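Hi everyone, thanks for coming along. Please pull up the structure on your screens, and we'll walk through it together.

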Amino acid sequence: MMKALIALVIIVVQIIVSTLWLRRFGQGPLEKLWRLVTWGRVKHSATHRHQHRDQPGALTSSHE
């Protein structure tokens, strides 16, 4: 019974920590390392791209 309680606590802590992590960073630390090793660069987070696109003077289509 004690082992099951410990396992449940670990799972709950992992869910909480991973949710907070992904809100802040957008990808896990191992994914970032894997992309760096594979492609030689790290993908920017989606929030970073959206902030750049919404900045004044950002490139936009002339057809808008």
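Let's start with the secondary structure: there are three helices and zero strands. Reading from the N terminus, the order is simply α-α-α. Please keep in mind that this is a predicted model.

So how confident is the predictor? The average pLDDT is 77, and 64% of the residues score at least 70. Which element has the highest mean pLDDT, and which the lowest? Helix H1 is at the top with 95, while helix H3, residues 46-54, is at the bottom with 50. Over residues 49-55 the pLDDT drops below 50, and in the model this stretch has four contacts beyond its near neighbours in sequence. Where pLDDT is low, the predicted coordinates should not be read in detail. Let's be careful with that part, then.

Now for the surface. The protein has 64 residues, and just 3% of them count as buried. The exposed area is about 6400 Å², with carbon and sulfur atoms supplying 67% of it.

Please look at helix H1 next, which covers residues 2-25. There is a nonpolar patch on the surface made of Met 2, Leu 5, Ile 6, Leu 8, Val 9, Ile 10, Val 12, Val 13, Ile 16, Val 17 and Leu 20. Together these residues have about 1000 Å² of accessible area. Take Val 9 as one of them: it sits in helix H1. Is Val 9 buried, partly exposed or exposed? With a relative accessible area of 46%, Val 9 is partly exposed, because that value falls between the 20% limit for buried and the 50% limit for exposed.

Staying on helix H1, let's find some rings. The model has one aromatic pair. Its partners are Trp 21 and Phe 25, with ring centres 4.5 Å apart; their planes meet at 40°, so the pair is called tilted. Both residues lie in H1, four residues apart, or about one turn of the helix. Trp 21 is partly exposed at 34% relative accessibility, and Phe 25 is also partly exposed, at 36%.

Let's move on to helix H2, which spans residues 29-39. Side chains of opposite charge can pair when their charged atoms come close. How many salt bridges does the structure hold? There is one, and it joins Glu 31 to Arg 35, with the closest N and O atoms 3.0 Å apart. Why can these two meet along the helix? Glu 31 and Arg 35 are four residues apart in H2, so about one helical turn separates them. Glu 31 is partly exposed, with a relative accessibility of 34%. Arg 35 is partly exposed too, at 24%.

That's my tour. Thanks for listening, and I'm happy to go back to any part of it!

Definitions and conventions
Residues numbered from 1 in each chain as written. Predicted model: local features only at pLDDT ≥ 70, side-chain atom pairs only at ≥ 80, totals over all residues. Heavy atoms only, no water. Buried < 20%, exposed > 50% of the residue type's maximum accessible area, 1.4 Å probe, protein only. Areas by Shrake-Rupley, 256 points an atom, 1.4 Å probe, with all protein chains shown as cover. Salt bridge = Lys/Arg side-chain N within 4 Å of Asp/Glu carboxyl O. Patch = residues over 30% accessible without salt bridge, like charges linked within 9 Å, V, L, I, M, F, W, Y side chains within 5 Å. pLDDT = per-residue confidence, 0-100. Contact = heavy atoms within 4.5 Å. Phe/Tyr/Trp six-rings, centres within 6.5 Å; stacked < 30°, edge-to-face > 60°.
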